[in-house]
There are 2 protein chains.
Amino acid sequence: MSTIELVSEHGCYGGVQRFYKHMSRETRGTMKFSVYVPPQARAAKVPVLYYLSGLTCTEETFPIKAHAQQGASELGLMLVAPDTSPREPRLPGDADSWDFGQGAGFYVDATQAPWSTNYRMYSYVTRELPEVVAANLPANTEATGIFGHSMGGHGALTLALRNPTLYKSVSAFAPIAAPMQCPWGKKAFTNYLGENREAWREHDATELVARQPFPGPILIDQGTSDQFLVEQLLPEKFRAAAAQSGQKLNLRMQPGYDHGYYFMQTFMADHLRHHAAALKK
Amino acid sequence: MSTIELVSEHGCYGGVQRFYKHMSRETRGTMKFSVYVPPQARAAKVPVLYYLSGLTCTEETFPIKAHAQQGASELGLMLVAPDTSPREPRLPGDADSWDFGQGAGFYVDATQAPWSTNYRMYSYVTRELPEVVAANLPANTEATGIFGHSMGGHGALTLALRNPTLYKSVSAFAPIAAPMQCPWGKKAFTNYLGENREAWREHDATELVARQPFPGPILIDQGTSDQFLVEQLLPEKFRAAAAQSGQKLNLRMQPGYDHGYYFMQTFMADHLRHHAAALKK
């Protein structure tokens, strides 16, 4: 495994907020990620909670905007937030859209040229990054959870549903809950995965949860004033599929909240407690 | 008074985070500011706490990075954060430095051309903005406090020391505590106020506190790993002057913390409680 390089670190709520970069085997370029290490990690390895960001975000968005460090410090959780796509090498057209390419990896392994060589965010997040974390940080990798927002909520749900032994807990804020049925998902899946919709089903949370529930409860918060709710997010599709398979789901519609980080920070403590309840058993 | 325009609003911790703009009489251009309105304001007017940002910041920096809304929601405080300088009209050289001109108004009324016509942040913050807030928001203006960071810590201390009947509480994070004695302050004061150092004394917290203490206690947090501590911030000068005049001061040196918002968010709840104790009497 390649070595990781500490870019910066900052004292925060008795622990430390760090930024790292490393050469990625999966994406074949430099990848960055952020880690909040809580004070409890000085005494023993702590549970690790991955956060996947939404469209246009980077590894900095979560630590700056989500206000999660306070709760993570109190509960003793490590927070790991990767970037949302490879950033090098640059590919033709990778910056033409804000909802595809750079900043929009959708947490899949692309099968279509030219994306398939580098856009391997599924394998990066589920395999490579956990190895990097285990080798370099005081993480109890037996206690791993995952959550995310919007595109990253899609990522958290699909990665957890496909890897229920790796992830012991999952939650999401305003996830793209049925990407095969919305414009963002159709655009990304067509370009990354090709025209064959059968291949898309492994990356659609609604399809996955209908087939096999996650072993633990799923918490989802969704603002009712979210500008993307009706066209892009479709949590009702996920709710119906969860009911079909018996998935335990707490989908909370939050009146007056929109799609942004002011919404997310409001309910952050609830999500951290949801994960701590599963990870600190 | 000119009308204010709501730029955007976002549900946040049961209240609402808003962004406004308005035509300013003092700066003769459009000014922006942010307001967090806590849920308690639906029932009655609430105390109002002004936050002054540091170099390069805007009215967005505080609501995005400082993690103050949670505590303000619990305590029932309104948070008002103005921009750090006029943004129009543009003046020759206003973007040549990151520590002077745009984003660096230093909370003074400039007396030197070409700055004196628009760079009137002292009068904007102490007179015009409180009028705008009183006319448009559910603020109990009898209960007004002020705090800030770095250049904004300088602003909070000097504005409070000069206006002890307007402000009932004051605190600062890593303030420029003796600007007449540091490079940032000398550069700004020379350009905004001219070569006569006598005029600078009204804008130097150390000079002011030596002359006349603030009626209430002052809370200051300062990280010991702050890269600007030794050359620019000089809290020990302020401590010595406060001791001279009998100012009640809680200057807390925080080991391992730097100059940024990860430091500030860590101690934000303490500062909000400090203000609430004075403003909710």
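1. With contact taken to mean heavy atoms within 4.5 Å, the predicted model brings two chains together through 21 residues from chain A and 21 residues from chain B. The buried area between chain A and chain B comes to about 1800 Å², of which 49% lies on carbon and sulfur atoms. On the side of chain A, the residues A:Y13, A:H67 and A:Y262 deserve attention, since together they supply 36% of the area that this chain buries against chain B, more than any other three residues.

2. As to the polar character of this interface, the count is 11 residue pairs in polar contact between chain A and chain B, with both residues of each pair at pLDDT 80 or more, whereas the rule for salt bridges finds 0 across the interface. The side of chain A that touches chain B receives two or more residues from each of β1 (4–12), β2 (15–23), α1 (61–65), α2 (69–75) and α10 (261–279) of chain A. By residue class, that side of chain A divides into 8 nonpolar, 10 polar and 3 charged residues.

3. Two of the elements just named, β1(A) and β2(A), run antiparallel and are joined by 8 bridges, with A:E9 standing opposite A:R18 in β2(A). They form a hairpin with 2 residues between them, and A:Y13, which sits in the turn, has a positive phi of about 50°. A:Y13 is also one of the three residues that supply 36% of the area chain A buries against chain B, and the hairpin therefore merits a careful look when the interface is inspected.4. The sheet of chain A is open, and its 9 strands follow the order β1-β2-β3-β5-β4-β6-β7-β8-β9 with mixed pairing. Its edge strands are β1 and β9 (249–254) of chain A, each of which pairs on one side only, and neighbouring strands are turned against each other by 20° on average, direction ignored. Within this sheet, strand β6 (residues 139–149) and strand β7 (residues 169–173) of chain A pair in the parallel sense over 5 bridges, and A:G148 stands opposite A:A172 in β7(A).

5. Among the helices of chain A, helix α3 (residues 121–136) lies across β1, β2, β3 (30–37), β4 (46–52), β5 (78–82) and β6 of chain A, running at about 140° to β5(A). Helix α9 (residues 235–245) of chain A also packs on the sheet, where it touches β8 (218–223) and β9 of chain A, and its direction makes about 155° with that of β9(A).

6. In chain B, an open sheet of 9 strands has the order β1-β2-β3-β5-β4-β6-β7-β8-β9, again with mixed pairing. The edge strands, which pair on one side only, are β1 (4–12) and β9 (249–254) of chain B, and the average turn between neighbouring strands of this sheet is 20°, direction ignored. Strand β4 (residues 46–52) of chain B pairs in the parallel sense with strand β6 (residues 139–149) of chain B over 7 bridges, and B:Y51 stands opposite B:F147 in β6(B).

7. Two helices of chain B may be described against this sheet. Helix α4 (residues 151–162) of chain B packs on the sheet and touches β4, β6, β7 (169–173) and β8 (218–223) of chain B, its direction making about 135° with that of β6(B). Helix α9 (residues 261–279) of chain B lies across β4, β5 (78–82), β6, β7, β8 and β9 of chain B, and runs at about 170° to β7(B).

Conventions:
Residues are numbered from 1 along each chain as its sequence is written. Chains are lettered from A and ligands numbered from 1 in the order in which they are written. This is a predicted model: local features need pLDDT of at least 70, side-chain atom pairs count only at pLDDT 80 or more; totals for chains, interfaces and linings use all residues. Side-chain values use heavy atoms; hydrogens and water are left out. Buried area is the accessible area (1.4 Å probe) that two parts lose on being put together, summed over both. A salt bridge is a side-chain nitrogen of Lys or Arg within 4 Å of a carboxyl oxygen of Asp or Glu. A polar contact is a pair of N or O atoms within 3.5 Å; within protein, one must be able to donate a hydrogen and the other to accept it, and residues adjacent in sequence count only if both atoms are side-chain atoms. Helices (H or I, at least four residues) and strands (E, at least two) are DSSP runs, numbered from the N terminus. Ala, Val, Leu, Ile, Met, Phe, Trp, Tyr, Cys and Pro count as nonpolar, Asp, Glu, Lys and Arg as charged, and the others, Gly among them, as polar. Two strands pair if DSSP finds at least two bridges between them. Axes are lines fitted to C-alpha atoms, for helices over the stretch in contact, and angles run from 0 to 180 degrees between N-to-C directions.
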